Amino acid sequence: GIQPPKWQNVNSVFLYAISHLDMSHVTRTINLGSLEIYADSLLEKVLFTLAENSLIHGDHVTEIRCSCRREGAEIIIFYEDDGVGIPDNRKEKIFDHHYTEKGLPLSLAREILSITDITIRETGVYGKGARFEIRVRNGYFRPGPA
């Protein structure tokens, strides 16, 4: 929140975020097109946190995927991995300020996104991988998929 929000190319920010991690054993599939979102300048930290958590907690992650889909007046950015996933009873707890494990806290990621009314939630199936949905409301994204 120190710097004002700005328009950011999600593909570029994601690639830069994961460049700080050892992804040599992980296949990356990124289908974001030219999507830009209006978000806090710490968007890179959010995407880094998701990827880092995949490596730390995913157990056997060999693939991460990042894509988007238009749904009504929103666009949803999906971040997915093929690790162990998150049990149903922890899906909301992982965003709690008091929830601590290795890596950066997801509560911080949620806070950063909320600055421009972007939401995040985990919707994966335990045993099949983590899946985070980042919802961006109309007026806060451009151009992206039809």
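Guide: Welcome! Here, contact means heavy atoms within 4.5 Å. Please keep in mind that this is a predicted model.

Visitor: Among contacts between residues at least 6 apart in sequence, what percentage join residues at least 24 apart?
Guide: Let us set aside the pairs that are less than 6 apart in sequence and take the contacts between residues at least 6 apart. Of these contacts in the chain, the share that joins residues at least 24 apart is 72%.

Visitor: How many helices and strands does the chain have, and in what order do the elements run?
Guide: The chain holds three helices and eight strands. Read from the N terminus, the order is β-α-β-β-α-β-β-α-β-β-β.

Visitor: Why is the chain as compact as a globular protein of that length?
Guide: For 146 residues the globule rule gives 15 Å. The chain is as compact as a globular protein of that length because its radius of gyration is close to that value, at 14 Å.

Visitor: Which strands are the edge strands of the open sheet ordered β1-β3-β8?
Guide: Three strands make up this open sheet, and their pairing is antiparallel. Strand β3, residues 36-39, is joined to β8 by two bridges. An edge strand pairs on one side only, and that describes β1 (6-9) and β8 (141-142).

Visitor: In β8, which residue is the bridge partner of E36?
Guide: Strands β3 and β8 run antiparallel. E36 has its bridge partner in β8, and that partner is R142.

Visitor: How far apart are the mean positions of the positive and negative charges?
Guide: The chain has 17 positive and 20 negative charges. The distance between their mean positions is 3 Å.

Definitions and conventions:
Residues numbered from 1 in each chain as written. Predicted model: local features only at pLDDT ≥ 70, side-chain atom pairs only at ≥ 80, totals over all residues. Heavy atoms only, no water. Helix = DSSP H or I, 4+ residues; strand = E, 2+ residues; numbered from the N terminus. Rg over C-alpha atoms; globule rule 2.2 N^0.38 Å. Lys, Arg positive; Asp, Glu negative; His and termini not counted. Charge placed at Lys NZ, Arg CZ, Asp CG, Glu CD. Pairing = 2+ DSSP bridges.
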